[in-house]
Amino acid sequence: MSALLSSTANKLAPLLITFGLWTVLTVTLSVSAQNPSSDAPGTISVVVESTLETRPDESLVSKAKPAENIDLKEVVEDPSELIPEPAAAVIPLAKAKEQQLRSAETEDAVVVSSDTFADEEPGDGDDAPASSSKRQLILLGAEVLPGTTTRLAWSPSVSFLGISAPTSVLVVNGTKPGPRLCLTAALHGDEINGIETVRRVLYNINADTLSGAIIGVPIVNLQGFRAGSRYLADRRDLNRFFPGNPKGSAASRIAHSFFKEVISQCDMLIDLHTGSFRRTNLPQLRADLSYPAIQELAETMGRIVVLQSKGAKGSLRRAASEVGIPTVTLEAGAPNELNKEAVEDSVRSVRAALNGLGLIGSPKSRKRSDAPVYYQSTWVRASKGGILISETKLGARVKPDEVLGAVTNPITNQRSEILSPAHGRVIGMALNQVMHPGFAAYHLGIDPTADPPGNPKSSLEGQDRLLIEPADDEDPDNDQSLPSPTEQASLKSNDGLLTTELLEDDEAGR
């Protein structure tokens, strides 16, 4: 009998080790004479208990396999060649980072950056200039050497084995020291402008002249992208679950994996998005300007509209900003379509940031752009249902009571006009379509230069108080973000505009 158990354990062990799990086999012999309650005397029950502990192979912890240096511009005929096999050292490396952080805190009381775990280069002593130090880039179990470009693979492991596919992560590591800039796109699977933006930026960077590194993830939400859907397979919005929870819902686990394995390696982040549900956005940045580092990042991105916004609870931008990674959201265009002008504007802004941050060329002086910064915004909703025909255009400047569009009932021919509530600019709008009452049709950035009674002056200093007041209703499709009529009186600002705190949905299982 023991020989049979030994043979079974020997067959199971290689399979379990392949999945990187320590396995404890507990064998219980249930014999009728010893266990009268047994329903099947003389049977053997084998209990297999597995944990997520990794193999104690110190070589995997101390040294990652160098990533293959490839030319991203080269066309790959076989799609399977795009994604390398996942490295077995991914989990040990993550544990090594945690151990080094704990060691640094308890022994030396020195704060260690979460993305710096390399030994010093030979000759790098206390007298060496800071600019000569090189940061080892270890990402997803692979070491990306200076002056190389490569494709890596991130897989959240929250799918059935055999039917999930890893997500491509493009990396360009420069020959010179510098910051690590991350670009993410398609957190919502139907937003494809960002995918093309990442491709154009990453595939036109020369590692030999790059200072720092650029990490690009063209399609974060691969599940939604394949289905042409904004959401994950479980119908949740991935961009409401960051930084995630390893023991939460599927969306929360995916968010945790991506945040830990990829985002934690970034020094700064640009998250690319479009409008939602047949709405289009003027190219714009969403940024929490109360963070000086985020304000500096926004200033490098050229002449583009900026909307002050703390960000929705659970969004990647807000979660990254709160852990010290300066992050902005770059919005441009509409979902489910590739808009050439929106992509070109996005690429232009990202490349301006690369120049301004010194990743390509010499760092440029950061001067505030003459593009407007909106500290307040509001959504104008349709009061009646019907067919929307817009009269205004994206980017148009409007004044109070100006007609933005009209909704016509196709049965009764009743026409209801949608009017602008204030001086401002149309930074987002619904495409012409059939809509229900209450649909968010126009997003207005409130013009700070109009100077209505009680409105602060247009200078940044004069609007410091508005930095603590989030832009009104950033998520137009969340009913909870709208105050009740009885609450509106107490939420009015001095100029009569709503400055409500954005209340995000808190789905069970977050």
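Two strands count as paired if DSSP finds at least two bridges between them. Strands here are DSSP runs of E with at least two residues, helices are runs of H or I with at least four, and both are numbered from the N terminus. You're working with a predicted model, where local features need pLDDT of at least 70, side-chain atom pairs count only at pLDDT 80 or more, and totals for chains, interfaces and linings use all residues. Residues are numbered from 1 along each chain as its sequence is written, and side-chain values use heavy atoms, with hydrogens and water left out.

**Exercise 1. Work out how the sheet containing strand 16 is put together.**

Step 1. Start with strand 16, residues 386-390. Four bridges tie strand 16 to strand 18 (residues 403-408), and the two run antiparallel. To find a spot on this pairing, look for Ile387, which stands opposite Thr408 in strand 18.

Step 2. Now turn to strand 21. Strand 16 is joined to strand 21 by two bridges, again antiparallel. Ile387 turns up here too: its bridge partner in strand 21 is Val434.

Step 3. Go on from strand 18. Five bridges pair strand 18 with strand 19 in the antiparallel sense, and Val407 stands opposite Ser416 in strand 19. The hairpin of these two strands has six residues between them, and Asn413 there takes a positive phi near 70°.

Step 4. Put it together: four strands make an open sheet in the order 19-18-16-21, with antiparallel pairing. Strand 19 (415-419) and strand 21 (434-435) are the edge strands, as each pairs on one side only.

**Exercise 2. Which residues make the nonpolar surface patch of about 270 Å²?**

Step 1. Check the rule. A patch takes residues with over 30% relative accessible area and no salt bridge; nonpolar side chains (Val, Leu, Ile, Met, Phe, Trp, Tyr) are joined within 5 Å, like charges within 9 Å. The areas come from the Shrake-Rupley method with a 1.4 Å probe, and for residues only the protein chains shown count as cover.

Step 2. Name the members: Ile387, Ile389 and Val434 make the patch. You've already met Ile387 and Val434 as bridge partners.

Step 3. Place Ile389, which lies in strand 16. Its relative accessibility is 47%, so Ile389 counts as partly exposed (buried is under 20%, exposed is over 50%, and partly exposed is in between, with a 1.4 Å probe and protein chains only).

**Exercise 3. Find the edges of the sheet with the order 3-5-4.**

Step 1. Note that this open sheet has three strands and mixed pairing.

Step 2. Strand 4 and strand 5 (residues 142-144) pair antiparallel over three bridges. Leu137 stands opposite Val144 in strand 5.

Step 3. Strand 3 (65-66) and strand 4 (137-139) each have a single partner strand, so one side of each has no neighbour in the sheet, and these two are the edges.

**Exercise 4. Sort out the salt bridges of Glu196 and Glu191.**

Step 1. Get the rule straight: a salt bridge needs a side-chain nitrogen of Lys or Arg within 4 Å of a carboxyl oxygen of Asp or Glu. The count comes to ten.

Step 2. Take Glu191, which bridges to Arg230 with the closest N and O atoms 3.3 Å apart. This pair links distant parts of the chain, 39 residues apart: Glu191 is in the loop between strand 8 (176-184) and helix 4 (193-202), while Arg230 is in the loop between helix 5 (222-227) and helix 6 (250-261). Both Glu191 and Arg230 are buried.

Step 3. Next comes Glu196, whose side chain meets Arg199 at 2.8 Å, N to O. Glu196 and Arg199 are three residues apart in helix 4, about one turn. Glu196 also meets Arg200, at 2.7 Å. Those two are four residues apart in helix 4, so about one helical turn separates them.

Step 4. Compare the burial. Glu196 counts as buried because its relative accessibility is 15%. Arg199, at 40%, counts as partly exposed, and Arg200 is partly exposed at 30%.

**Exercise 5. Where is confidence lowest and where is it highest?**

Step 1. Use pLDDT, the predictor's confidence in each residue from 0 to 100. The protein's mean is 74, and 61% of its residues reach 70 or more.

Step 2. Strand 1 (residues 23-29) is lowest, at a mean of 34, and strand 10 (residues 268-273) is highest, at 98.

Step 3. Remember how to read this: where pLDDT is low, the predicted coordinates shouldn't be read in detail.
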